[in-house]
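Student: I should like to discuss one residue and the ligand site of this model. Could we begin with the terms required?

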Amino acid sequence: MIRTPICELFGIKYPIFQGGMAWVADASLAAAVSNAGGLGIIAGMNSNGEQLRAEIRKCREMTSKPFGVNVMLMSPFVDEVAHTVVEEHVSILTTGAGNPGKYMPAWLEAGIRVVPVVASIGFARLAEKRGACAVIAEGAESGGHIGKLHTMALVPQICDAVKIPVLAAGGIGDGRGVAAALMLGAQGVQVGTRFLVAKECTISQTYKDKVIKASELDTVVTGESLGDAVRSLKTPFSREFEKKEHEADISREELEKFGAGALRRAAREGDAQNGCFLAGEIAGLIKKEQSAKEMIEEIFGEAEKVLGGADQWVK
Ligand code: TUI
């Protein structure tokens, strides 16, 4: 049995958070992960305040276990979402793609435990100072919006920089990844890409099939020229985006217009031509659909085995 202080802090059996993936992480996935003993997280990114409220209430009907909400700080609805989570008495928040400082006093006042995703030491220290109870150090192997450092270098540096617990994210899809994260000093993990193919994940079958078929070389990072690097599966959309962003005369607005709606088209419509299928580098490792429970039990069974065998290397 692998238990860390993360389990007590968040009232969960296994020290694993499910990534709050935009257009993916709904009540169905979050409740399944929470019921399996992890921390399910509802994406706040693609919802306005009222849509998020409905999703939170739906999740409460599907699980009595703790779950959280992710507040994506670049969302056009971020102010509403930040307010709705307080009104709905959400107890755990993760934040992504920016600085949640503006919202922290109100969230802490409401007794919410806040866990920002960080991609640098400076930001991890700032999050700790502002009252975060843990941070998620997310390396650039991740799908979606990414920072510059990768998990192997980022996690130990963040662990040394803060006193609060650290969860590792980016490139973790099985028990070996969990074991490695613990060895780097993390007390838990956040997993996104593997949960894309959970049976309870409601995305299009096209999306799931693409993840299952992906090889280790099938992701690409676009948007670096906009200062908004995003990792996704190689598709006609990503190739077109890549081409456009290197055109000398294209404006930021034109590119953003081209990208608008692409996450929804991938996740909800399975539009293989015009959708943007976010996924991390670990997609190549993922071979089958399973329930969230099967995934989590398998991951922690493997982690226990590899950690238990680690002393073979110590003479
Ligand atoms: O947020 C994510 N991943 C995401 S959000 C998303 S939705 C979207 N993305 C791009 C365009 C349109 C929609 C898809 N994937 N991960 C969390 C994350 N946060 N990764 C990196 C960071 C991060 C980076 C810099 C957090 C803080 C930061 O700096 C804050 C500061 O102000 O210094």
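Tutor: A polar contact is a pair of N or O atoms within 3.5 Å. Please bear in mind that this is a predicted model.

Student: Which residue has a polar backbone atom 2.9 Å from a nitrogen atom of the ligand and also ranks among the nearest of the 15 residues around the ligand?

Tutor: The residues that come nearest, of the 15 around the ligand, include Val 117, Gly 144 and Ala 97. A polar backbone atom lies 2.9 Å from a nitrogen atom of the ligand, and that backbone atom belongs to Ala 97.

Student: How much of the accessible area of the ligand does the protein cover?

Tutor: On its own, the ligand has 720 Å² of accessible area. The part of this area that the protein covers is 73%.

Student: Where does the ligand lie with respect to the domains?

Tutor: Domain 1 comprises 5-201 + 288-308, and domain 2 comprises 205-281. Both give residues to the shell around the ligand, so the ligand lies between domain 1 and domain 2.

Student: Is Thr 63 buried or exposed?

Tutor: Thr 63 is located in the loop between α3 (49-62) and β3 (67-72). Its relative accessible area is 7%, and buried means under 20%. Thr 63 is therefore buried.

Student: Which side chain makes a polar contact with the side chain of Thr 63?

Tutor: Not counting residues up to four places away in sequence, Thr 63 touches Ala 31, Ser 34 and Asn 35. The side-chain to side-chain polar contact of Thr 63, at 2.6 Å, is with Asn 35.

Key
Residues numbered from 1 in each chain as written. Predicted model: local features only at pLDDT ≥ 70, side-chain atom pairs only at ≥ 80, totals over all residues. Heavy atoms only, no water. Helix = DSSP H or I, 4+ residues; strand = E, 2+ residues; numbered from the N terminus. Buried < 20%, exposed > 50% of the residue type's maximum accessible area, 1.4 Å probe, protein only. Polar contact = N/O pair within 3.5 Å; in protein donor to acceptor, adjacent residues only side chain to side chain. Contact = heavy atoms within 4.5 Å. Near = heavy atom within 4 Å. Areas by Shrake-Rupley, 256 points an atom, 1.4 Å probe, with all protein chains shown as cover. Domains from an automatic or database assignment.
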